[in-house]
Amino acid sequence: MYLWFGALKLFPGGSPAEDLVERTVSALTFGIVGGDLARVGAAISEIGIAVVLLSFRVPRWCAVLLIGHVVLVSTPLVLFPGEMWAGPLRASFEAQYILKNLVTVAAAVVIASSHPRVR
């Protein structure tokens, strides 16, 4: 999933989340990073997480990366509440996607952190 979605972000217009990613990164960096740099940065970070996940070499480090990523990816829920929430407990499509990622990453973190180290 991370590899696929990250690869999509490498190409302008390749990801339906592109605008949200660019606006979120711009808001988090106070406008310093935005546009293509934000999109490509998100792409590279997601591809990097995929490589770490697929390596099975550093599961606890992978759990830390996943937690950091999900925190950053979840910030639009707070940064853009008017777009994310149609009312109490009424999430937009984008918000539902983010919330689904929270659950998926939580499961991955539990698995990664409990996995024995490979030597």
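The exercises below, each with a worked solution, concern a predicted model of one protein chain.

Residues are numbered from 1 along each chain as its sequence is written. Because the model is predicted, local features need pLDDT of at least 70 and side-chain atom pairs count only at pLDDT 80 or more, while totals for chains, interfaces and linings use all residues, and side-chain values use heavy atoms, with hydrogens and water left out.

**Exercise 1. Describe the overall fold of the protein chain and decide how compact the chain is.**

Step 1. Begin with the secondary structure, where helices (H or I, at least four residues) and strands (E, at least two) are DSSP runs numbered from the N terminus. The protein chain has 7 helices and 2 strands, and read from the N terminus its elements follow the order α-α-α-α-α-α-β-β-α.

Step 2. Compare the radius of gyration, taken over C-alpha atoms, with the globule rule, which is 2.2 Å times the number of residues to the power 0.38. The radius of gyration of the protein chain is 15 Å, close to the 14 Å that the rule gives for 119 residues, so the chain is as compact as a globular protein of that length. Along the principal axes, its C-alpha atoms fill a box of roughly 45 × 35 × 25 Å.

Step 3. Turn to burial, for which buried means under 20% relative accessible area, exposed over 50%, and partly exposed in between (1.4 Å probe, protein chains only). Of the 119 residues of the protein chain, 30% count as buried.

Step 4. Consider contacts, meaning heavy atoms within 4.5 Å. Among contacts between residues at least 6 apart in sequence, 61% join residues at least 24 apart.

**Exercise 2. Characterise the largest pocket and state which helix gives the most to its lining.**

Step 1. On a 1 Å grid over the protein atoms alone, a pocket is an open set of points where a 1.4 Å probe fits, with protein on both sides within 12 Å along at least five of seven lines, and lining residues have an atom within 4 Å of a point. The volume of the largest pocket is about 910 Å³, a volume being the space filled by probe spheres set on the points.

Step 2. The lining comprises 37 residues, of which K9, A17, V21, E46 and V73 lie nearest the centre of the pocket. By class, 23 of the lining residues are nonpolar, 8 polar and 6 charged.

Step 3. At least two lining residues come from each of α1 (2–9), α2 (18–28), α3 (35–55), α4 (59–74), α6 (81–84) and α7 (93–114). The helix that gives the most is α2, with 7 residues.

**Exercise 3. Examine α2 more closely, beginning with its buried residues and then placing R23.**

Step 1. The buried residues of α2 are E18, L20, V21, E22 and T24.

Step 2. R23, also in helix α2, counts as partly exposed because its relative accessibility is 28%. Apart from neighbours within four places in sequence, R23 is in contact with F80 and E83.

**Exercise 4. Locate F30 and L89, and explain what sets their phi values apart.**

Step 1. Most residues other than glycine have a negative phi. F30, in the loop between α2 and α3, has a positive phi near 55°, and L89, in the loop between β1 (85–87) and β2 (90–91), has a positive phi of about 60°.

Step 2. F30 is exposed, with a relative accessible area of 75%, and L89 is exposed at 86%.

Technical notes: Nonpolar A, V, L, I, M, F, W, Y, C, P; charged D, E, K, R; others polar.
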